[in-house]
Amino acid sequence: MLSKSIAPVVALAVAGAFASSVAAKELRVGVASEPSSADPHFHNAGPNNQLRRNVFESLVGTDDRQRTHPELALSWRATSPTSWEFKLRKDVKFSDGSTFDAYDVIYTVCRIPGVKDSPSLFTTYTKAVERFEVPDPHTLIAHTKTPYPLLPVEFSTWGVISAKANKVDGKSIVFSKAGCGNITYPATVDFNEGKAAIGTGPYLLESFRRGEGVRLKRNPKYWGDAPEWDTVVMKPLTSDGPRVAALFAGDIDLIENPPLQDLARIKADKKLKVEQSISNRVIYIHLTSGPDSHKSIMGTDNKNPLKDIRVREALSIAINRDAIVSRVMGGVAIVAGELLPAGMFGAHPDGQMKPPAFNADRAKKLLAEAGYPNGFTLTLGTPNDRYINDAEVAQAVAQMWSRIGVKTNIDAMTASTFFSRRNKVDFPAYLAGWGSGTGEMSSPLKALLATADKSKGFGGTNPTGYSNKALDESLTKALATVDDKEREELLRQTSRIGMKDFAIIPLHFEVTPWAMKSSLNYKARVDQYTLPTEVTTAK
């Protein structure tokens, strides 16, 4: 928290950045984490997806509870166990004036697998498609190899770009999962510079500059209801103090993730208010339990201790999750026993999937049984500006592990550096978060625990080498099960397999707060996105 003497100075500095604001028509948002790119397909991460939804739309939209609704598709239905028909809107134009049609969707799905240097591809949400059929320009039929009931939900996670804007005749595309031929695609840098930022969304990308923020302006060609704001400024204020100071000074209208210790002070100010809700984001620790030893783990036998399930269980039960929630998170979080909170599809009902009980004595015994009575040393990687109190949570875990003999060093860094190093498997263990893009359990299971397999879209965020045949088979069966009740039980079964193997250690679910001027309304979203179109003036 900033001292009273420092806060005004910070607020004045922020004010300078917004000197040209027009209060009645401009919305100024202080974001806690900035996107790594304006490319809608570059990185499947919250800040990127949040920005994408303003400029590039999906076939299927989702509301604040992640319930689906029509977006670029007016309707969808299963025409056979392996076919989905999407009826597309006919009144939609891209921001360059070109008409949206089914071929733009195919062009987009062709591009997604080939985005260069992507830290986390969207292929997990497109790999089910075997082929497309276009009966007419505004009817799209997606065919899958096996029954795939999640296809419409997964089509809500990525944005559509224009084939025509990139000088591609959509009718000439021959879709293939292995590649769609010699087609021109925009480069990530072209999106960042605005040249390729041609979408159907409510806003146009006016500018994107890392460290400085994003500026959006209303899209005059938008097919839907015009948003309230002419322009939107999304300013990265990744440090808690400056973010709160800017809100109190009136230089920012709404901020993400106000620090938990400041919530009472914000609520006490009549000019401000707080909205909050449990999110779908689980904070977890991933353990590198693949076949190869990791260079930064020093076990007594010169092998990777994390390959042993007893060691993994010991690390899990050595963590006092309740203490982390109460002391580090200020009570504004919920302990996690699996990867999605109760009440969401595929998660267990309350009380049925509790986290393993904290038991440091048993953790020491398990280490001894595994051959590590004196423990070992490892490094825990973590971002320090991505999740609520992320570095502080990592530090608490490190202290708890050190108490059972596992000397733990913290390697904390900015999110952009962290994700790059995580994908290179630089850490034997790392702290991160996952928000279910589909609002159901298959999303974290496919990405985080399924054996890495690009052909299936499995393991896109599983760089640890973890593999469990029983989990893969159970998940594959669930994804091909049309009956909702049966599929939900299969997802619960798959979750139990993963949790019993301790390859990933869920810590807690974030409860996400937003703070804003009392003259504004914003309904807290479980996906944690701050969407300017949903920020309105209080009646």
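This report describes the enclosed cavities of a predicted model and two glutamines with an unusual sign of phi.

By the rule applied here, the model holds five cavities of 30 Å³ or more. The largest of these encloses about 330 Å³ of space, and of the 29 residues that line the largest cavity, Asn44, Ala45, Gly46, Asn49 and Gly435 are the closest to its centre. Four elements, α2 (46-55), β12 (272-287), α12 (415-423) and β16 (429-435), each contribute at least two residues to the lining of the largest cavity.

The second largest cavity has a volume of about 200 Å³, and of its 17 lining residues the closest to the centre are Gln50, Glu256, Asn257, Arg386 and Gln528. Here α2 and β17 (504-517) each supply at least two lining residues. The table sets out the make-up of the two linings.

| Cavity | Nonpolar residues | Polar residues | Charged residues |
|---|---|---|---|
| Largest cavity | nine | 14 | six |
| Second largest cavity | six | six | five |

Gln528, named above in the lining of the second largest cavity, lies in the loop between β18 (520-521) and β19 (536-537). Most residues other than glycine have a negative phi, yet the phi of Gln528 is near 70°, a positive value. Gln528 counts as buried because its relative accessibility is 12%, and buried means under 20%.

Gln66, in the loop between β2 (60-62) and β3 (68-70), also has a positive phi, near 65°. With a relative accessibility of 10%, Gln66 is likewise counted as buried.

How values were computed: Residues are numbered from 1 along each chain as its sequence is written. This is a predicted model: local features need pLDDT of at least 70, side-chain atom pairs count only at pLDDT 80 or more; totals for chains, interfaces and linings use all residues. Side-chain values use heavy atoms; hydrogens and water are left out. Buried means under 20% relative accessible area, exposed over 50%, partly exposed in between (1.4 Å probe, protein chains only). On a 1 Å grid over the protein atoms alone, a cavity is a set of points where a 1.4 Å probe fits but cannot get out, and a pocket is an open set with protein on both sides within 12 Å along at least five of seven lines; lining residues have an atom within 4 Å of a point. Grid points are joined across faces, edges and corners, and a volume is the space filled by probe spheres set on the points. Ala, Val, Leu, Ile, Met, Phe, Trp, Tyr, Cys and Pro count as nonpolar, Asp, Glu, Lys and Arg as charged, and the others, Gly among them, as polar.
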